[in-house]
Amino acid sequence: MTWRPYYQGDGRQREVPLAAPPPWRTFPRNSQHRQYQPPAGLIDAVNAALHLRRPLLVTGPAGSGKSTVIEQVSHELDLGDVLRWHITSRSNLSEALYRYDALGRIHAQNLQNTVSRRSHLRAGRKGSARSRDDIAPFLQLGPLGTALLPAERPRALLIDEIDKSDLDLPSDLLEVLERGEYEIPELVRYRRHRAEIRLWSSRNTHTIESGKVQCTQFPFIVLTSNGERDFPPPFLRRCIRYTMPQLTAPLLRNIVQAHFDGEITGESEQLIQEFADRVAGGNHLAIDQLLNAVALLSDTQELQGEQRESLHELLTRELSRA
């Protein structure tokens, strides 16, 4: 990648063509299954989780590649698109299973009633028409709810940054992950036996009977944690646990080679070694910071001296600093 100063800071408008982005910043986002380099022990941990039908809990610092492994597993085993549940402090089990737009349903019923009354008045009939009581359009399965649908092959589900959740969420997950089933109360009480419900991140639907869902193939679930909290023993015993190893120069070299599809140059080697030394010294850094530095600073004659050092510091600032 050649360094180009697009922005000049003089307020003058120019037509400047932008260079192609690095491969990991193209959109729609491409899967990184070819570039991912699993560290030692992770392949065994994945296979243990697949054999035992248990969730895989991967712990490691931010930016260490925890969440990318599921893309590679899903591609190799043809498990379909990865379902993603990104955890925040407000995340709860109910929204992961399904989402019900109660206000939208009320609004649609009121609108339908208004249209029906006007039609009756124009036709000279008395009375009010009964609105269509169809709940299905206002329900959508969440990522976990979709992953637990009956299927011939397991689905792949990423539960990202579980340690960001409310304290009760890991315990709330226990029953669902153990039994592989759940209920949708609104459908249990529904007057119709069957309902076509939309899936997560898809326009497809699935027929749910009597409001109950029971998986036939337990999904391949990867939970990621930054190691910022402890989890209750009942939750941990239901998971296969793996801790990401410290980033070393050989591992980083393999990652850089996979992303840039070429040999490591002298400048790239120096950037990798400096990065590895900082990580070993306790600095909190992410792999994509190294990729950014290699993309901008390697084999670039336009960047020299103080400007190059300044950009290097900008791209590889420690994550624990503002």
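Okay, let's start with the cysteines. The sulfur of Cys-239 sits 15 Å from the closest cysteine sulfur, which belongs to Cys-215, and that's too far for a bond. Keep in mind that this is a predicted model.

Just so we're on the same page, a disulfide is a covalent bond between the sulfur atoms of two cysteines. With the cut-off at 2.5 Å between sulfurs, the count here comes to 0 disulfides. Look at it from the other side and Cys-215 is in no disulfide either, with the sulfur of Cys-239 as its nearest cysteine sulfur, 15 Å away.

So are these two buried or exposed? Cys-239 has 8% relative accessibility, so it counts as buried. Cys-215 comes in at 14%, and that counts as buried too.

Right, on to the helices. I'd like you to look at α9, residues 249-260, and α10, residues 266-280. They pack at an angle of about 135°, and their axes are 9 Å apart. That angle makes α9 oblique to α10. As for handedness, α9 passes α10 in a right-handed crossing.

Which residues make the contact? On the α9 side you've got Ala-249, Leu-252, Arg-253 and Val-256. From α10 come Glu-269, Ile-272, Gln-273, Phe-275 and Ala-276. Sort that contact between α9 and α10 by class, and you get 6 nonpolar residues, 1 polar and 2 charged.

That's it from me: 0 disulfides, two cysteines that count as buried, and α9 crossing α10 in a right-handed way. Happy to pull up the model if anyone wants a look.

Notes. Residues numbered from 1 in each chain as written. Predicted model: local features only at pLDDT ≥ 70, side-chain atom pairs only at ≥ 80, totals over all residues. Heavy atoms only, no water. Axes fitted to C-alpha atoms, helices over the stretch in contact; angles between N-to-C directions. Helix = DSSP H or I, 4+ residues; strand = E, 2+ residues; numbered from the N terminus. Parallel < 35°, antiparallel > 145°, perpendicular 65-115°, else oblique. Left-handed = near helix turned anticlockwise from the far one by under 90°. Contact = heavy atoms within 4.5 Å. Nonpolar A, V, L, I, M, F, W, Y, C, P; charged D, E, K, R; others polar. Buried < 20%, exposed > 50% of the residue type's maximum accessible area, 1.4 Å probe, protein only.
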